[in-house]
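Thanks for coming, everyone. I have one structure to walk you through today, so let me put it up on the screen and we can look at it together.

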Amino acid sequence: MPIEERCAERAKLGDVVAQAVSNLYARNREYKAAKDRKESTTEITLALQAARDLERAVVRADDDHTKKHGCKS
Ligand SMILES: [Zn+2]
């Protein structure tokens, strides 16, 4: 398998990682806002945890791809 200068798969993974990170930040803001307003955080805590798990999973997938494929960008 030839290693290309720019890996299309990696670019896609990069987009997914960026989305997961911004989603995590958004959930974090919602969580803090709910806490500040002394509202229930039960649902947002679950959403925040799910966002964290997703972020970790996509970062891992990105790492795994880089290791297996040897692409750098
Ligand atoms: Zn690659």
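Let's begin with how the two helices meet. α1 and α2 pack with their axes 9 Å apart, at an angle of about 160 degrees. That angle makes α1 roughly antiparallel to α2, since anything over 145 degrees counts that way. As for handedness, the crossing of α1 and α2 is left-handed. Please keep in mind that this is a predicted model.

Now let's step back to the whole chain. What does the secondary structure come to? Two helices and zero strands for the protein chain. The radius of gyration is 16 Å, while the globule rule gives 11 Å for 73 residues, so the chain is more spread out than a compact globule. You can see that in the dimensions too: the C-alpha trace spans about 55 × 15 × 10 Å along its principal axes.

How many of the 73 residues count as buried? Just 5% of them do. And if you take the contacts between residues at least 6 apart in sequence, 69% join residues at least 24 apart.

On to the helices one by one. Helix α1 covers residues 8–36. With 29 residues at 1.5 Å each, α1 should span 42 Å, and its end C-alpha atoms are indeed 42 Å apart, so the two values agree. Helix α2 covers residues 42–69, which is 28 residues; the expected span is 40 Å and the end C-alpha atoms lie 41 Å apart, which agrees as well.

What follows each helix? After α1 comes lysine 38, with a positive phi near 55 degrees. This is a positive value in a residue other than glycine, so do have a look at the backbone there. Lysine 38 sits in the loop between α1 and α2, and it is exposed, with 7 other C-beta atoms within 10 Å. After α2 comes glycine 70, and its phi is positive too, near 75 degrees.

Next, a few residues along the pair. Serine 22 belongs to helix α1. Is serine 22 buried or exposed? It is exposed, because it has 12 other C-beta atoms within 10 Å, and 12 or fewer is the cut-off for that label. Its C-alpha atom is separated by 9.4 Å from that of glutamate 55, even though serine 22 and glutamate 55 are 33 residues apart along the chain.

Arginine 56, in helix α2, tells a similar story. It counts as exposed, with 12 C-beta neighbours inside 10 Å. How far is arginine 56 from valine 21 in space? C-alpha to C-alpha, arginine 56 and valine 21 are 9.3 Å apart, with their positions 35 residues apart in sequence.

For contrast, let's look along a helix. Leucine 46 is also in helix α2, and it is exposed, with 11 other C-beta atoms within 10 Å. Leucine 46 and arginine 60 are 14 residues apart in sequence, yet their C-alpha atoms are 21 Å apart in space.

If you rotate the model yourselves, one general point may help: residues three or four places apart in an α-helix point the same way, because there are 3.6 residues a turn.

So, the picture to take away is two helices and zero strands, with α1 roughly antiparallel to α2 and a left-handed crossing. Thanks for listening, and I'm happy to take questions.

Conventions:
Residues numbered from 1 in each chain as written. Predicted model: local features only at pLDDT ≥ 70, side-chain atom pairs only at ≥ 80, totals over all residues. Helix = DSSP H or I, 4+ residues; strand = E, 2+ residues; numbered from the N terminus. Rg over C-alpha atoms; globule rule 2.2 N^0.38 Å. Buried ≥ 20, exposed ≤ 12 C-beta atoms within 10 Å, placed from the backbone. Contact = placed C-beta atoms within 7 Å. Expected span 1.5 Å × (residues − 1). Axes fitted to C-alpha atoms, helices over the stretch in contact; angles between N-to-C directions. Parallel < 35°, antiparallel > 145°, perpendicular 65-115°, else oblique. Left-handed = near helix turned anticlockwise from the far one by under 90°.
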